[in-house]
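Please walk through the protein chain shown here, beginning with its cysteines and ending with its surface.

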Amino acid sequence: MTALDGIAYGFGVALQPGVLIYCLLGVTLGTFIGVLPGIGAMAAISLLLPITFYIAPEAALIMLAGVYYGAQYGGAVASILLRLPGTPQSAVTTLDGYPLARQGKAGVALFVSMVSSFIGSVLGIIVLVVLAGWLSRAATAFGAADYAAMMILGLVAASTIGSDRPMKGFAMVVLGLILGCVGTDVNSGAQRFTFGQTELLDGINLVALAMGLFGVAEVVGNIRDAERQGVPEKVRFSQMMPTREDLLRMPLPMLRGSTLGAFFGALPGTGSTLSSFLSYAMEQRVSRHPERFGKGAIEGIAAPEAANNAASITAFVPTLTLGIPGDPIMALMLGALVIHGVQPGPLMLDARPEMFWGLVVSFGIGNLLLLILNLPLIGIWVSMLRIPFRYLYPAILIFVCLGVYSVRESGFDIVVVAVVGIAGYLMALAKFSPALLLLGFVLGPLIETNLRRALLISRGDPIVFLERPIACGFVIGTLVLILLTIWQSWRRRARARQVA
């Protein structure tokens with residue numbers, strides 16, 4: 001079956017009234033779940049999993065997938081308006097989305113986020129259709145050494161963001177790596193940095209860390225403000241439209257973010273969170289005006305939103321074609337397929353074409369529904385900013401506590417949120433970037449796992465990182481970045497001495 005035949009076949013499956021209703025239900029539910037800080041698609045899909053026993057496998061998978069990528073759209077709303085990442089993937093959107101909201105451009109930020117998400121999804125679908133076979137083969141070409149080297153390059157690139165303070169960025173990445181080590185060592189069973197606390201045996205909850213760093217810290221930081229400034233009484237369509245200059249700055253970041261997201265989403269074990277952070281790092285790196293980032297740069301919204309939505313689509317490539325989930329949510333999807341008697345793997349495309357092509361076409365329909373659903377709601381989302389702080393912030397703290405508690409049903413995680421929130425506020429005062437801490441926390445365990453695996457395979461010989469062409473390329477890129485950063489720091493100091 002060719003790709004065109006498959007798409008035509010997929011339309012026949014996805015446009016069935018029963019399937020279409022479940023697609024609409026999934027994306028709508030995903031949007032609202034994403035808007036609620038901390039709940040996330042993981043909890044929603046877990047709760048919906050038993051319901052799928054009573055519906056057809058195609059409709060079940062399409063509904064669960066709709067919740068997944070619908071949450072990516074909704075997650076950006078709370079990130080932009082309240083600096084509360086609705087999902088871990090949208091945490092990086094807070095960096096420039098929230099400053100834009102504070103400048104009275106919340107409608108523009110949401111519009112850019114929605115359009116970028118849609119474009120990223122469309123490009124992800126195209127990649128999925130055209131390059132599914134090639135991507136699955138390329139993904140299998142990546143070994144443990146390649147993964148480890150690639151992620152180390154990502155960390156080095158991220159820590160040199162805002163190159164005027166590279167050591168502060170590096171310190172935050174290292175702190176994130178240390179926090180990522182907390183818990184039980186999966187290989188030896190040894191406890192690391194748990195200090196005898198049984199609640200830390202499974203490590204620090206990512207949602208609790210993100211909520212504390214971005215949400216509670218923001219509440220603490222604004223606690224003395226009487227009211228928010230710059231919120232329009234009514235958001236007209238013209239107020240949501242970016243300026244001509246903003247529109248010209250959007251296409252390339254969206255294209256780069258989508259490409260990066262589509263690639264990393266197809267790699268087993270990476271997921272869309274990594275894609276959004278790396279796309280932000282790359283965008284700041286290639287920008288002619290990196291000083292705009294963190295202060296309301298359109299590129300800082302367009303690139304990560306396009307990346308995480310493209311990755312959420314291509315994440316189905318390893319899940320469906322290799323049977324390897326890209327992240328915990330994909331693992332749930334895999335579980336749903338197995339429950340329905342579907343065995344994902346290289347033969348699935350031929351054995352269950354209605355499942356594969358129906359899902360692919362539903363991505364396009366679902367994303368179109370999301371765009372239609374979300375654009376009229378921008379005015380309603382912005383109106384949230386007119387709620388007085390004395391009502392809004394207690395509600396935020398309640399949602400944060402409920403969201404964090406719902407993940408592991410642990411009261412200890414709420415304490416973590418409070419402690420991290422105060423720490424995040426102090427970091428903001430000292431001009432340390434919490435996003436880099438979160439990036440180190442996310443990548444740390446993945447780097448450790450792949451580093452260990454690579455060294456075990458090579459019997460402890462580190463030359464494996466230079467023998468493999470892919471890993472060697474990433475190592476060279478890392479060294480170039482480090483030398484470039486040192487050279488830039490030396491030049492700045494030399495200029496400062498000349499001025500003095």
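Does Cys-181 count as buried, partly exposed or exposed, and at what relative accessibility? In this predicted model, Cys-181 has a relative accessibility of 26% and therefore counts as partly exposed. Cys-401, at 31% relative accessibility, is likewise classed as partly exposed. A disulfide is a covalent bond between the sulfur atoms of two cysteines. With a pair of cysteine sulfur atoms required to lie within 2.5 Å, the count of disulfides comes to zero.

The overall architecture comes next. The protein chain contains 24 helices and two strands, and of its 500 residues 55% are buried. Among the contacts with a separation of 6 or more, 79% are accounted for by residues 24 or more positions apart. The area that the protein chain exposes is about 21,600 Å², and 69% of this is supplied by carbon and sulfur atoms.

Val-361 offers a view of the interior. This residue belongs to helix H18, which covers residues 353-374, and its relative accessible area is 7%, so it is buried, the limit being under 20%. When neighbours within four places in sequence are left aside, Val-361 is in contact with Ile-7, Gly-10, Phe-11 and Ala-14. A further relation across the sequence is that of Val-361 and Ile-62, which are 299 residues apart along the chain, while their C-alpha atoms are separated by 9.7 Å.

From here the account turns to charged side chains. Side chains of opposite charge can pair when their charged atoms come close. The structure holds eight salt bridges, and one of them joins the side chains of Glu-448 and Arg-192, with an N to O distance of 2.6 Å. Because Glu-448 lies in helix H22 (residues 434-457) and Arg-192 in strand E2 (residues 191-192), this pair ties together parts that are 256 residues apart in sequence.

Glu-448 also meets Arg-452 in a salt bridge, at 3.6 Å from N to O. Here both partners lie in helix H22, where they are four residues apart, or about one turn of the helix. Arg-452 has a relative accessibility of 28% and so counts as partly exposed. Through salt bridges that share partners, Asp-185, Arg-192, Glu-448 and Arg-452 are joined into one network.

Another salt bridge is formed by Arg-249 and Glu-245, whose closest N and O atoms are 3.8 Å apart, a value that falls within the 4 Å limit for such a pair. Why are Arg-249 and Glu-245 separated by about one helical turn? The reason is that they are four residues apart in helix H11, which runs over residues 244-249. As for their accessibility, Arg-249 counts as buried because its relative value is 17%, whereas Glu-245, at 46%, counts as partly exposed.

The last stop is on the surface, where Leu-479, Ile-482, Leu-483 and Ile-486 make a nonpolar patch of about 390 Å². Within this group, Ile-482 has its place in helix H24, which comprises residues 469-499. The relative accessibility of Ile-482 is 35%, so this residue counts as partly exposed, and that value satisfies the requirement of over 30% for membership of a patch.

Key. Residues are numbered from 1 along each chain as its sequence is written. This is a predicted model: local features need pLDDT of at least 70, side-chain atom pairs count only at pLDDT 80 or more; totals for chains, interfaces and linings use all residues. Side-chain values use heavy atoms; hydrogens and water are left out. Patches are made of residues with over 30% relative accessible area and no salt bridge: like charges are joined within 9 Å, nonpolar side chains (Val, Leu, Ile, Met, Phe, Trp, Tyr) within 5 Å. Accessible areas come from the Shrake-Rupley method with a 1.4 Å probe; for residues, only the protein chains shown count as cover. Buried means under 20% relative accessible area, exposed over 50%, partly exposed in between (1.4 Å probe, protein chains only). Contact means heavy atoms within 4.5 Å.
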